[in-house]
Amino acid sequence: MGAGGSTDPLPILTSMPAISATAPGKVILFGEHAVVYGQPAIAVPVNQVRARAIISARPDQPGGSIHLQAPDIGLESNWEDLPQDHPLVLAIKGVLKATGIEIPPALTMRITSTIPVAAGLGSGAAVSVAIIRALSKFLGRPLGEIEISELAFEVEKLYHGTPSGIDNTVITYEKPIYFMKDNTDNEGKMEAFQVSRPFTIVIGDSGVPSPTAAAVGDVRKAWQNDKNRFNAFFESTGEIVNQAKGAIETGDNAALGPLMNKNQDILKEMGVSSEKLERLIQAAHQAGAPGAKLSGGGRGGNMIALATPESARHVANGLIDAGATGTIITTVEMQQQGFKVGE
Ligand code: PMV
């Protein structure tokens, strides 16, 4: 991983402008939980919400000094004063190792995000990706997507136990992906695929934090107690994911609603839905959505509903009336290449 051990001189940084990079949120359209057991899943970026890292040089400070500001979570600290396994510290250490730079020039890094936290929208992975992209650029050794995604995955592993790697992947590449976990500890395989006809999704926030690691752990226990039953859930989910991929590629968007409903039935059987999520899913159906399901780890967090550009506002209002604490309307389409590293 990375350029490793280079002794090239660092660029002169005193007159360097601030460097910023952003990364989007994400939702899983199909296949959560089963993806942890080797089945495919489909995830898409959500560009309406983003994490941002802005880095400016502090030429008056000694090398190695990194001042972190994350006002959204009330954090302002020098990095050496944070626990060494703090996710921000891990992301920074990962970049230094990958770029082979032991002592970075003094800098301030400001991190902001509009992605709701613990809501299944990938806020942690997006912050990591924004930091990794901005810092490697600032250091004059910009990392490529493969390395960025791998480094963000390392941070995810320390925080989410056994993540599949889907979050860091979709957030790094910023396009719809069909993803399959590796059997090893490594990152999984991803395939970008065509979205023939754009479609609209309404995301509804249950307002209840989604305890992804606990939900993944409970599914594992339930699988250990009844492998036949859970393996059948995972295999049926994999079939739904493949049918959904085919429908998206051929522009058969009408097929997606029933597939979302089938996926939700299985997630409910797996025990990862909740009363609140079910209420929101029902409200989406009542507002005319042909398909709705939870998205991500479940128990709380977000649900998604299929809509049209015309019906989306009505579905979103129905979700708010049923108790959603926020909604996002997003269009799934082929994303532009390019990774939004700016100055
Ligand atoms: O809660 P989220 O959006 O981070 O997604 C978790 C998705 C799972 O399939 C449940 C776990 C994983 O690592 O893929």
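In this predicted model, a polar side-chain atom of K26 sits just 2.6 Å from an oxygen atom of the ligand. K26 is also listed among the closest residues to the ligand, together with H33, S164, T212 and G297. G297 makes its approach through the backbone, with an N or O atom 2.9 Å from a ligand oxygen. For D167 it is the side chain that does the job: one of its N or O atoms lies 3.2 Å from an oxygen atom of the ligand. Taken as a whole, the protein covers 93% of the 380 Å² of accessible area that the ligand has on its own.

As for where all this happens, the ligand takes up the space of the largest pocket. Strand 1 (19-30), helix 4 (166-173) and helix 5 (212-225) are the elements that each give two or more residues to the shell around the ligand. That shell counts 15 residues, and by class it splits into 6 nonpolar, 6 polar and 3 charged residues.

Turning to strand pairing, strand 6 (residues 177-180) has partners in strand 2 and strand 7. Strand 2 (residues 41-57) runs antiparallel to strand 6, and 3 bridges join the two. Here A43 stands opposite I177 of strand 6. Strand 7 (residues 189-192) is likewise antiparallel to strand 6, this time with 4 bridges; F179 finds its bridge partner in M190 of strand 7.

Methods. Residues are numbered from 1 along each chain as its sequence is written. This is a predicted model: local features need pLDDT of at least 70, side-chain atom pairs count only at pLDDT 80 or more; totals for chains, interfaces and linings use all residues. Side-chain values use heavy atoms; hydrogens and water are left out. A residue is near a molecule or strand if one of its heavy atoms lies within 4 Å of it. A polar contact is a pair of N or O atoms within 3.5 Å; within protein, one must be able to donate a hydrogen and the other to accept it, and residues adjacent in sequence count only if both atoms are side-chain atoms. Accessible areas come from the Shrake-Rupley method with a 1.4 Å probe; for residues, only the protein chains shown count as cover. On a 1 Å grid over the protein atoms alone, a cavity is a set of points where a 1.4 Å probe fits but cannot get out, and a pocket is an open set with protein on both sides within 12 Å along at least five of seven lines; lining residues have an atom within 4 Å of a point. A molecule sits in a cavity or pocket if more than half of its atoms lie within 2 Å of its grid points. Ala, Val, Leu, Ile, Met, Phe, Trp, Tyr, Cys and Pro count as nonpolar, Asp, Glu, Lys and Arg as charged, and the others, Gly among them, as polar. Two strands pair if DSSP finds at least two bridges between them.
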